[in-house]
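User: Please take me through this structure by question and answer. I would like the reasoning along with each result.

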Amino acid sequence: MGSPFDVTVADLRRRTSLKWHTYPDDVLPAFVAEMDVLPLDAVVDATTAALAAGDTGYEPGPNSPRGVAYAEAFAEFAARQHRWDVPVERTRMVPDVMIGAAEVLAVVTAPGDGVVVNPPVYPPFRAFVEHAGRRVVDAPLTPAGRLDLDALDRAFRDARAYLLCHPHNPTGTLHSADELRGVGELASRHGVRVVADEIHAPLVVGDEPFVPTTTVIPDAIALHSASKAFNLAGLKAALAIPGPAADDLRRLPEIVGHGVSHVASIAHQAAYRRGDAWLADVLAAVRSNGDLVAATLADRLPQARWHRPAATYFAWLDLREVPAVASTGADPARLLLERGRLAVNAGPTFGPGGEGHVRLNLATSTGILTEALDRLTTTLAAPR
């Protein structure tokens, strides 16, 4: 059996989503969180059957007998993958993880309240917090990419909520049970509510386990979706999951669930119930691609610094000391696009601490990644 990433560039360019149609054809895209992957057969079968049957109406609401079907599918998956007992009947469906996070923040905070984030972090965190009428309060990660409890202690004094990225994007850090316990103690002391974006939880590629936030912080609320792990970003559905001491989701407006696509829910359920083997192949390929990045950088661009991600399919590369950047102070993402015709995510878009960094997508074929690394190292190896 071949790799799930055995898709040619020609086939990828026939796709009409963001990744392969943002830049001209001479630019190799390695930026946005889309995977260059063959779809899971179970998802294709389920969505095709729904379309053929005309099952394209509205997603059942929480009061319907089938209104917990998505949560049940996720609970089965979470039990297998994380040994997590998800409280199915207390969950709520939301259109996607970021809209869900914003809606939960609207329930647990008031307009103008501070919401803590950990830069460098997924850029929409700032945008969604501000769009919700709340203030962003920064608590930067440590230089090693871990949570800084002292910085959180200071930030929590000016906040009412904490939007936690777990696993962390872009660094790929998995927060440990001890770290989460420390977060919970600080949050309780300051009266801060923890809302965790756990969309990358299935994408564990290291030896550390994923620890669900709500199993350590009882009044936390977590957001989950199959969209990242199963490459279903265009099929929007997600789930808000309360901790045992969180009863806030009963105050989530019923209309929030109206934004969930029924066909997306069908697709996500199929992925959660029948996608374990496919996901295992994806993770194996991402680990192998991590090996390729490590070997290539060590051989051709030793000044680049990075930590192997414990989760996600991203490489967060510190390029401040590579010759082309160190000699000019230029933004490496701009150099790579203009001179190497390689599109990566620019570090500064992730907030403080992102300067001189780029985020490289590893969820692609070995051939495409090899070409991307060749463009990266050739462009940045020599001073300009």
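User: Is Arg341 buried, exposed or partly exposed, and what is its relative accessibility?
Analyst: This is a predicted model. Buried means under 20% relative accessible area and exposed means over 50%, with partly exposed in between. Arg341 therefore counts as partly exposed, at 27% relative accessibility.

User: Where is Arg341, and what is its phi?
Analyst: Arg341 is in the loop between α11 and β10 (342-343). Most residues other than glycine have a negative phi. Arg341 is not a glycine, yet its phi is positive, at about 55°.

User: Which loop holds Thr312, what is its phi, and is it buried or exposed?
Analyst: Thr312 lies in the loop between α9 (276-300) and β9 (314-318). Although not a glycine, Thr312 has a positive phi of about 80°. Its relative accessible area is 1%, so Thr312 is buried.

User: Which residue does a cis peptide bond join to Pro119?
Analyst: Most peptide bonds are trans. In this cis bond, omega is about 0°. The partner is found in the loop between β3 and α5. The residue joined to Pro119 is Pro120.

User: From which residue does the cis peptide bond to Pro167 run?
Analyst: Pro167 is found in the loop between β5 and α7 (177-190). The bond to Pro167 has omega near 0°. That cis bond runs from His166.

User: What is the strand order of the open sheet of seven strands?
Analyst: The pairing in this sheet is mixed. Its edge strands are β2 (92-94) and β4, each pairing on one side only. The twist averages 25° from one strand to the next. The order is β2-β8-β7-β6-β5-β3-β4.

User: In which sense do β2 and β8 pair, and which residue in β8 is the bridge partner of Met93?
Analyst: β2 and β8 pair over three bridges, in the antiparallel sense. In β8, the bridge partner of Met93 is Leu239.

User: Which residues of β7 point one way, and which the other way?
Analyst: In a regular strand the side chains alternate between the two faces of the sheet. In β7 (residues 221-224), Ile221 and Leu223 point one way, and all four residues of the two groups are buried. Pointing the other way are Ala222 and His224.

User: How does β7 pair with β6 and with β8, and which residue stands opposite Leu223?
Analyst: Strand β6 (residues 193-197) pairs with β7 in the parallel sense over three bridges, and Val195 has Ile221 as its bridge partner there. With strand β8 (residues 238-242), β7 pairs in the antiparallel sense over four bridges. The residue in β8 opposite Leu223 is Ala240.

User: What is the handedness of the crossover from β3 to β4?
Analyst: Strand β3 (residues 114-117) and strand β4 (residues 135-138) run parallel and are joined by four bridges. One bridge pairs Val117 with Asp138. The chain passes from β3 through helix α5 (residues 124-131) to β4, and this β-α-β crossover is right-handed.

User: What angle do helices α11 and α12 make, and how far apart are their axes?
Analyst: Two packed helices are described by the angle between their axes and the distance between the axes. Helix α11 (residues 332-340) and helix α12 (residues 366-380) pack at an angle of about 105° with axes 10 Å apart. Angles from 65 to 115 degrees count as roughly perpendicular, so α11 is roughly perpendicular to α12.

User: Which residues meet between α11 and α12, and of which classes are they?
Analyst: From α11 come Leu335, Leu336, Arg339 and Gly340, which meet Arg375, Leu376, Thr379 and Leu380 in α12. By class, this contact has four nonpolar, two polar and two charged residues.

User: Is Thr47 buried or exposed, and what does it touch?
Analyst: Thr47 is in helix α2. Its relative accessibility is 14%, so Thr47 counts as buried. The C-alpha atoms of Thr47 and His262 are separated by 10.0 Å, though these residues are 215 apart along the chain. Not counting residues up to four places away in sequence, Thr47 touches Val263 and Ala267.

User: Is Arg66 buried or exposed, and which residues does it touch?
Analyst: Arg66 is in the loop between α2 (41-52) and α3 (69-82). At 53% relative accessibility, Arg66 counts as exposed. Leaving out residues up to four places away in sequence, Arg66 touches Pro60 and Gln269.

Conventions. Residues are numbered from 1 along each chain as its sequence is written. This is a predicted model: local features need pLDDT of at least 70, side-chain atom pairs count only at pLDDT 80 or more; totals for chains, interfaces and linings use all residues. Side-chain values use heavy atoms; hydrogens and water are left out. Axes are lines fitted to C-alpha atoms, for helices over the stretch in contact, and angles run from 0 to 180 degrees between N-to-C directions. Angles under 35 degrees count as roughly parallel, over 145 as roughly antiparallel, 65 to 115 as roughly perpendicular and the rest as oblique. Contact means heavy atoms within 4.5 Å. Ala, Val, Leu, Ile, Met, Phe, Trp, Tyr, Cys and Pro count as nonpolar, Asp, Glu, Lys and Arg as charged, and the others, Gly among them, as polar. Two strands pair if DSSP finds at least two bridges between them. A crossover is right-handed if, with the strands pointing away from the viewer, the path from the first strand over the helix to the second runs clockwise. Buried means under 20% relative accessible area, exposed over 50%, partly exposed in between (1.4 Å probe, protein chains only).
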